[in-house]
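Reader: I'm new to this one and would love a guided look. Could you walk me through it step by step?

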Amino acid sequence: AIREGVSKRTLYNHHPSKEELFRSLVSEMSQRIVLSATFSYSPTVPLETQLLQFVGEARRLISKVQTLRLARAVLAEHIRHPERVEPILQNYWRNEYGFVSWAESACADGRMHGDAIRIGHAMSSIMRAQIFWPTLLGRDTHAPEFDRDIAEAVAMFLNYYGRERAT
């Protein structure tokens, strides 16, 4: 309320309860992620190029001040009341913000192997470890070693899940 220059009363006129306000915040954060980090599979573009582009978009998104503030607020509420947060985030986590669809397409095209949901969880874990947590904790994620670390993580991911296109 203070940041937006409105009173708490004005804020709660739009959101009848703290829970509704929180749902709105989580929804906004999730929509930002979906809009900027979701991508479509391309059979003609190397997988590494597609993944590095996806990771780069996620990195740019989480680096934005508003997104970072929102993520910290959601995380703080998750720590205090996980029962409020889990049901709201389940829809987004289930599909890993669109990554599972990409993995399904890559598997159907013969360029990756494995269960698309597990592949999505693996990539999500890599992104949390390499991008989300370091950024949330205030580390300099624009240093050259972060680019190298991300490229290595993507290469390891592709070494495990990727395969040559069947001819």
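Author: Happy to! One term before we start: contact means heavy atoms within 4.5 Å. Please also keep in mind that this is a predicted model.

Reader: What covers the buried residues of H8?

Author: Let's begin with the residues themselves: Phe146, Ile150, Ala153, Val154, Phe157, Leu158 and Tyr161 are the buried ones of H8. Their cover includes H3, helix H6 (99–108) and helix H7 (116–136).

Reader: Within what arc do the buried residues of H8 fall, seen down its axis?

Author: A general point helps here: an α-helix has 3.6 residues a turn, so residues three or four places apart point the same way. On the face turned away from the buried side, H8 carries the exposed residues Pro144, Met156 and Asn159. The buried residues of H8 line one face of the helix, because down the axis they fall within an arc of 135°.

Reader: Are H7 and H8 roughly parallel or roughly antiparallel to each other?

Author: The axes of H7 and H8 lie 11 Å apart, and the two helices pack at an angle of about 170°. Angles over 145 degrees count as roughly antiparallel. H7 and H8 are therefore roughly antiparallel.

Reader: How many nonpolar residues does the contact of H7 with H8 have?

Author: From H7 come residues including Ile119, Met123 and Ile126, and from H8 residues including Phe146, Ile150 and Phe157. By class, the contact has 2 charged residues, 1 polar and 11 nonpolar.

Reader: Is Arg59 buried or exposed?

Author: Arg59 sits in helix H3 (residues 47–63). Among the residues Arg59 touches are Ile131, Phe146 and Ile150. Buried means under 20% relative accessible area. Arg59 has 12%, so Arg59 is buried.

Methods:
Residues are numbered from 1 along each chain as its sequence is written. This is a predicted model: local features need pLDDT of at least 70, side-chain atom pairs count only at pLDDT 80 or more; totals for chains, interfaces and linings use all residues. Side-chain values use heavy atoms; hydrogens and water are left out. Helices (H or I, at least four residues) and strands (E, at least two) are DSSP runs, numbered from the N terminus. Buried means under 20% relative accessible area, exposed over 50%, partly exposed in between (1.4 Å probe, protein chains only). The arc is that of the directions from the helix axis to the C-beta atoms. Axes are lines fitted to C-alpha atoms, for helices over the stretch in contact, and angles run from 0 to 180 degrees between N-to-C directions. Angles under 35 degrees count as roughly parallel, over 145 as roughly antiparallel, 65 to 115 as roughly perpendicular and the rest as oblique. Ala, Val, Leu, Ile, Met, Phe, Trp, Tyr, Cys and Pro count as nonpolar, Asp, Glu, Lys and Arg as charged, and the others, Gly among them, as polar.
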